[in-house]
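Visitor: I am new to reading protein models, and I would like to learn how the words used for them are justified. Could you show me one and let me ask about it?

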Amino acid sequence: MIKVYFVRHAESDYSIHDDYNRPLTRKGISDSEKITDLLINKNINRIFSSPYKRSIDTIVHLADKTSLKINIIDDFRERSIGEWLEDFNSFSRKQWEDFNYKTQNSESLIEVQKRNVAALMEILKAYDNENIVIATHGTALSTIINYYNNDFGYEDFEKLRPIMPYVICFTFMEGTLIDSEVIDV
């Protein structure tokens with residue numbers, strides 16, 4: 001059995017449009033310490049993260065307190081939207097209505113889902129009977145949830161969007177999801 005604690009990053013500073021290097025806000029930094037308190041007694045064996053600063057910074061305190069290395073997995077990065085979008089809501093809705101929809105220099109949700117799920121599958125194959133943390137992003141995580149529950153759609157994504165940080169634990173047995181539980185932060 002493998003428990004995977006997906007941690008959607010804490011609040012980040014949206015005034016910084018550099019998606020890769022966007023830092024956490026002061027509230028986000030404070031909330032990252034709550035993540036540590038929440039997960040410190042879960043017998044975590046490994047920590048993985050998107051390469052984006054806000055994801056790494058959300059779990060860095062946990063890594064420090066557990067003396068675990070943060071393993072960067074590029075495929076857990078957030079969806080590429082190309083240039084900064086002023087009307088993110090319309091773009092997002094179109095993508096959830098059509099998982100193949102994308103604009104120039106952006107990724108479709110099916111592309112995001114395929115790379116995220118493939119990375120997850122590699123972890124599930126490599127680390128049996130472990131408790132794992134994966135620091136990720138709202139859209140990336142939503143596509144993973146959708147993969148295992150195709151009823152998860154745009155409205156569910158919209159409910160998740162303002163929640164930072166967000167933690168959901170997936171329990172797998174031999175690569176098959178057997179349970180999921182949202183954990184209050």
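Visitor: What percentage of the 185 residues of the protein count as buried?

Guide: This is a predicted model, and in it 47% of the 185 residues count as buried. The word has a cut-off behind it, since a residue is called buried when its relative accessible area is under 20%.

Visitor: What makes the size of the protein agree with that of a compact globule?

Guide: For 185 residues, a compact globule would have a radius of gyration near 16 Å, and the protein has 16 Å, so the value agrees with the rule. Taken along the principal axes, the C-alpha atoms fill a box of roughly 40 × 40 × 25 Å.

Visitor: Which elements make up the protein, and in what order do they run from the N terminus on?

Guide: There are 6 helices and 6 strands, and from the N terminus on they run β-α-β-α-β-α-α-β-α-α-β-β. Among the contacts between residues at least 6 apart in sequence, 68% join residues that are at least 24 apart.

Visitor: Why is strand β5 described as largely enclosed by the rest of the structure?

Guide: Strand β5 covers residues 166-173, and 7 of its 8 residues are buried, so the description as largely enclosed follows from that count. Strand β1 is described in the same words, because 6 of its 7 residues are buried.

Visitor: How do you know that β1 and β5 count as paired, and in which sense do they run?

Guide: Two strands pair if at least two bridges are found between them, and 7 bridges join β1, residues 2-8, to β5, with the two strands running antiparallel; because 7 meets the requirement of at least two, the strands count as paired. Along this pairing Y5 stands opposite C169, and I2 stands opposite F172.

Visitor: Which strands besides these take part in pairing with β1 or β5?

Guide: Strand β4, residues 131-136, is joined to β1 by 6 bridges, and here the strands run parallel; R8 stands opposite T136 in this pairing. Strand β6, residues 176-183, pairs with β5 in the antiparallel sense over 7 bridges, and I168 has V182 in β6 as its bridge partner.

Visitor: What makes E174 unusual, and is it buried or exposed?

Guide: Most residues other than glycine have a negative phi. E174 is a residue other than glycine, yet its phi is near 50°, a positive value. It belongs to the hairpin of β5 and β6, which has 2 residues between the strands. Its relative accessible area is 77%, and because the cut-off for exposed is over 50%, E174 is called exposed.

Visitor: Where does N105 lie, and why does it count as exposed?

Guide: N105 lies in the loop between α3, residues 88-97, and α4, residues 109-126. Its relative accessibility is 60%, which is over the 50% cut-off, so N105 counts as exposed. N105 has a positive phi of about 70° although it is not a glycine.

Visitor: Why is the peptide bond from M164 to P165 called cis?

Guide: The label goes with the omega angle, which is near 0° for the bond from M164 to P165. Most peptide bonds are trans. P165 has its place in the loop between α6, residues 154-160, and β5.

Visitor: Why is S49 called buried, whereas Y20 is called partly exposed?

Guide: S49 has a relative accessible area of 0%, which is under 20%, so S49 is buried. For Y20 the value is 42%, and because this falls between the 20% and 50% cut-offs, Y20 is partly exposed.

Visitor: What surrounds these two residues in the model?

Guide: S49 is found in strand β2, residues 46-49, and, leaving aside its neighbours within four places in sequence, S49 is in contact with residues including I56, I59, I72 and A135. Y20 lies in the loop between β1 and α1, residues 26-39, and, with neighbours within four places again left aside, Y20 is in contact with P51, Y52 and K53. Y20 and E78 are 58 residues apart in sequence, while their C-alpha atoms are 9.1 Å apart in space.

Notes. Residues are numbered from 1 along each chain as its sequence is written. This is a predicted model: local features need pLDDT of at least 70, side-chain atom pairs count only at pLDDT 80 or more; totals for chains, interfaces and linings use all residues. Side-chain values use heavy atoms; hydrogens and water are left out. Buried means under 20% relative accessible area, exposed over 50%, partly exposed in between (1.4 Å probe, protein chains only). Helices (H or I, at least four residues) and strands (E, at least two) are DSSP runs, numbered from the N terminus. Contact means heavy atoms within 4.5 Å. The radius of gyration is taken over C-alpha atoms; the globule rule is 2.2 Å times the number of residues to the power 0.38.
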